[in-house]
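Trainee: Please take me closely through one part of this model, beginning with a single helix and following its surroundings outward.

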Amino acid sequence: MTPAPAADRRPGAPDATDPAVIHASAVGHCGRGCLILGAAGSGKTALALAMLALGAELIADDRVAVRDSADGPRLDPVPHLAGLIEIRGAGILRLRRHASDVPLWLAADLDREAPARMPPRTHARVADHDIPAIACRGWAGAAAGLMAILSAGVLPDPEFFPTGGLR
């Protein structure tokens, strides 16, 4: 089977060469994996690099292996790309450490912009699983926000003020 042309690859869709490998980047922090989804050129690697600078560990850049386990989906690097990340304009960087076998806990969606300050909870469909997703397109603080969420281990609650907001 030949790979689908790059234009035919949807973020979060299985790679045509291996249904468990998707076109995305992924980082881990505090035992939780964040899958970074978006079209080619949307900033997946740039967001991963920003999160690495804040203490995340690289799981994978450009190709992420998503596999099922008894506890749900887990993220791994594709073996021949493990520990590698492309820095646009500089080249390929080989990191001394990278993470593997990390539970998929959150998706960062660079193709969607949050419709409101307190948007409703959304999900991304990844390898037949619904994963909580945060719309990140245009969000300058995405790396810091996502790291705070991964550190806290709880998702933000858009219904925190059910009576209509702060008083």
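Mentor: Helices here are DSSP runs of H or I with at least four residues, numbered from the N terminus, and the model they are taken from is a predicted one. The helix to look at is α2, and just after it G153 takes a positive phi of about 75 degrees. Within α2 itself, the buried residues are A142, A143, G145, L146, M147, I149 and L150. An α-helix has 3.6 residues a turn, so residues three or four places apart point the same way. The buried residues of α2 pack against a set of partners made up of β3 (25-29), β4, α1, β10 and β12.

That packing leads into the largest nonpolar core, which has 21 residues, and of these C34, I36, L47, M51 and L146 touch the most other members. At least two residues of this core come from each of β4 (32-37), α1 (44-53), β10 (102-109) and α2 (142-152), and α2 gives the most, with six. M51 shows how these elements meet: leaving aside neighbours within four places in sequence, M51 is in contact with A143, L146, M147 and L150, and also with V27, C34, I36 and A56. Apart from this core lies another one, of 18 residues, which includes L37, A60, L104 and A124. In soluble globular proteins, nonpolar side chains tend to be buried together.

Among the partners of α2, the strand β10 deserves a longer look. Six of its eight residues are buried, so β10 is largely enclosed by the rest of the structure. Strand β4 runs parallel to β10 and is joined to it by five bridges, with A108 of β10 as the bridge partner of I36, the residue already met in the largest nonpolar core. Strand β12 (residues 129-135) is also parallel to β10, through three bridges, and here A107 stands opposite A133 of β12. Strand β7 (residues 74-77), by contrast, is antiparallel to β10, with two bridges between them, and L75 stands opposite V102 of β10. In a regular strand the side chains alternate between the two faces of the sheet.

Two of the elements that receive the buried residues of α2, namely β12 and α1, bring us to the pockets. The largest pocket has a volume of about 470 Å³, and of the 24 residues that line it, R117, M118, P119, I134 and P156 lie nearest its centre. The largest share of that lining comes from β12, which supplies three residues, and by class the lining divides into 16 nonpolar, two polar and six charged residues.

The second largest pocket, with a volume of about 270 Å³, is lined by 15 residues, and those nearest its centre are G41, K44, T45, E86 and R88. Two elements, α1 and β8 (84-87), give two or more residues to this lining, and α1 gives the most, with four. The classes in this second lining are four nonpolar, six polar and five charged residues. Following α1 therefore joins two parts of the account, because α1 supplies at least two residues of the largest nonpolar core, where that core is a set of buried residues joined through side-chain atoms within 4.5 Å, and also gives four residues to the lining of the second largest pocket.

Technical notes: Residues are numbered from 1 along each chain as its sequence is written. This is a predicted model: local features need pLDDT of at least 70, side-chain atom pairs count only at pLDDT 80 or more; totals for chains, interfaces and linings use all residues. Side-chain values use heavy atoms; hydrogens and water are left out. Buried means under 20% relative accessible area, exposed over 50%, partly exposed in between (1.4 Å probe, protein chains only). Contact means heavy atoms within 4.5 Å. Two strands pair if DSSP finds at least two bridges between them. On a 1 Å grid over the protein atoms alone, a cavity is a set of points where a 1.4 Å probe fits but cannot get out, and a pocket is an open set with protein on both sides within 12 Å along at least five of seven lines; lining residues have an atom within 4 Å of a point. Grid points are joined across faces, edges and corners, and a volume is the space filled by probe spheres set on the points. Ala, Val, Leu, Ile, Met, Phe, Trp, Tyr, Cys and Pro count as nonpolar, Asp, Glu, Lys and Arg as charged, and the others, Gly among them, as polar.
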